[in-house]
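Open the model in your viewer and keep the selection box handy. We will hop from one stop to the next, and at each one there is something to click on.

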Amino acid sequence: ILTARQVSDLLPTIVSRCQCIRFHPLPRATVERLLTARKGLAPDEAAGLAAMADGSFGRALALQAHGWPARREWLLEELAALPQRSGARRLMLAEKLCALKDQLPQALEIAMSWYRDLAVYPMHPAGVRHTDLLPRIRQAARPEAAGANALRVRLIQQTLTDLQRNANPRLALEVLVMRLAAPRPSPGTL
């Protein structure tokens, strides 16, 4: 049994000898229900974890085990304050993120889904993932910034890819944080 995020991650000779079985994410309501029934979480905490877990019950459990409900709040506050911060304070955020090491992909995925929600909300309010943060999204999302937020999502995706390819984490995060802080981020390669 081989697992891969996408078929293109595998060599064609291997794919030709395999049967592809796709696993789709669980509906958010199912993840919420499992968290409340099996883990005894409060409905609002389960809703937040389900939003961050993106359809994976296992990821929701891992996020809870590492304290991500509180960390998400910290991360979103840092991202919101980023444009007003000095260059030194921005670099301090990169340093804090770098210190997360094993949980860095989770932090970047949460940041990516936040910017995605900010980009999606003006056009399709029902399409946001962080439904537990809807009042906050409503306040922060601006139609004129949808393109910049979509670009921020791509910058974070590129950083995740670069980190998987053994890029220097500190340098990659410093570049990312500086680009995220810009009113109109540059789409250059990290």
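Start by selecting Lys101, which sits in the loop between α6 and α7. This is a predicted model, so treat the tour as a walk through a prediction. Check the backbone of Lys101: its phi is positive, about 45°, although the residue is not a glycine. Most residues other than glycine have a negative phi. Is Lys101 buried or exposed? With a relative accessible area of 62%, Lys101 is exposed.

**Zoom out: the whole chain**

Now show the protein chain as a cartoon. You should find 10 helices and 0 strands, so the order of elements from the N terminus reads α-α-α-α-α-α-α-α-α-α. The C-alpha trace spans about 50 × 45 × 35 Å along its principal axes. The radius of gyration is 18 Å, which agrees with the value near 16 Å for a compact globule of 190 residues.

Switch on the surface next. The protein chain exposes about 11200 Å², and carbon and sulfur atoms supply 55% of that area. Buried residues make up 38% of the 190 residues. If you draw contacts with a separation of 6 or more, 55% of them are accounted for by residues 24 or more positions apart. Colour by charge and you will have 26 positive and 16 negative side chains to look at, with the centres of the two sets 4 Å apart.

**Stop one: helix α2 and its end**

Select residues 28–39. This is helix α2, with 12 residues. From its first C-alpha to its last it reaches 16 Å, close to the 16 Å expected at 1.5 Å a residue. Step on to Gly40, which follows α2 and has a positive phi near 65°.

**Stop two: helix α3 and Asp54**

Move to α3, residues 43–53. How many of the 11 residues of α3 are buried? The count is 8, so the helix is mostly covered. To highlight them, pick Ala46, Ala47, Gly48, Leu49, Ala50, Ala51, Met52 and Ala53. Then bring up the elements that cover these buried residues, including α2, α4, α5 and α7.

Just after α3 comes Asp54, with a positive phi near 55°. Asp54 is a residue other than glycine, and it lies in the loop between α3 and α4. Its relative accessible area is 38%, which makes Asp54 partly exposed.

**Stop three: Ala60 in helix α4**

Click on Ala60, in helix α4. At 0% relative accessibility, Ala60 counts as buried. Which residues does Ala60 touch, not counting those up to four places away in sequence? Show Val31, Leu35, Leu49 and Ala53 as sticks to see them. Two of these names will be familiar from the last stop: Leu49 and Ala53 are among the buried residues of α3. For a distance check, draw a line from the C-alpha of Ala60 to that of Trp74: the two residues are 14 apart along the chain and their C-alpha atoms are separated by 18 Å.

**Stop four: helix α5 and Leu75**

Select residues 68–81, helix α5. Its 14 residues should span 20 Å at 1.5 Å a residue, and the end C-alpha atoms are 19 Å apart, which agrees. The buried residues here are Trp68, Arg72, Leu75, Leu76, Glu78, Leu79 and Ala81. What do they pack against? Their partners are α3, α4, α6, α7, α8 and α10, so colour those helices separately if you would like to follow the packing.

Now focus on Leu75, which has its place in α5. At 1% relative accessibility, Leu75 counts as buried. Leaving aside neighbours within four places in sequence, Leu75 is in contact with Leu97, Ala107, Ile110 and Ala111. You can also draw a line to Leu93, 18 residues along the chain from Leu75; their C-alpha atoms are separated by 9.3 Å.

**Last stop: Ser113 in helix α7**

Finish in helix α7, residues 104–120, by selecting Ser113. With 10% relative accessibility, Ser113 counts as buried, since the cut-off for buried is under 20%. Beyond residues up to four places away in sequence, Ser113 touches Arg129 and His130. Show both as sticks and turn the view until you can see the contacts with Ser113.

Note on methods. Residues are numbered from 1 along each chain as its sequence is written. This is a predicted model: local features need pLDDT of at least 70, side-chain atom pairs count only at pLDDT 80 or more; totals for chains, interfaces and linings use all residues. Side-chain values use heavy atoms; hydrogens and water are left out. Helices (H or I, at least four residues) and strands (E, at least two) are DSSP runs, numbered from the N terminus. The radius of gyration is taken over C-alpha atoms; the globule rule is 2.2 Å times the number of residues to the power 0.38. Buried means under 20% relative accessible area, exposed over 50%, partly exposed in between (1.4 Å probe, protein chains only). Contact means heavy atoms within 4.5 Å. Accessible areas come from the Shrake-Rupley method with a 1.4 Å probe; for residues, only the protein chains shown count as cover. Lys and Arg count as positive and Asp and Glu as negative; His and the chain ends are not counted. The place of a charge is taken as NZ of Lys, CZ of Arg, CG of Asp or CD of Glu. The expected span of a helix is 1.5 Å times one less than its number of residues.
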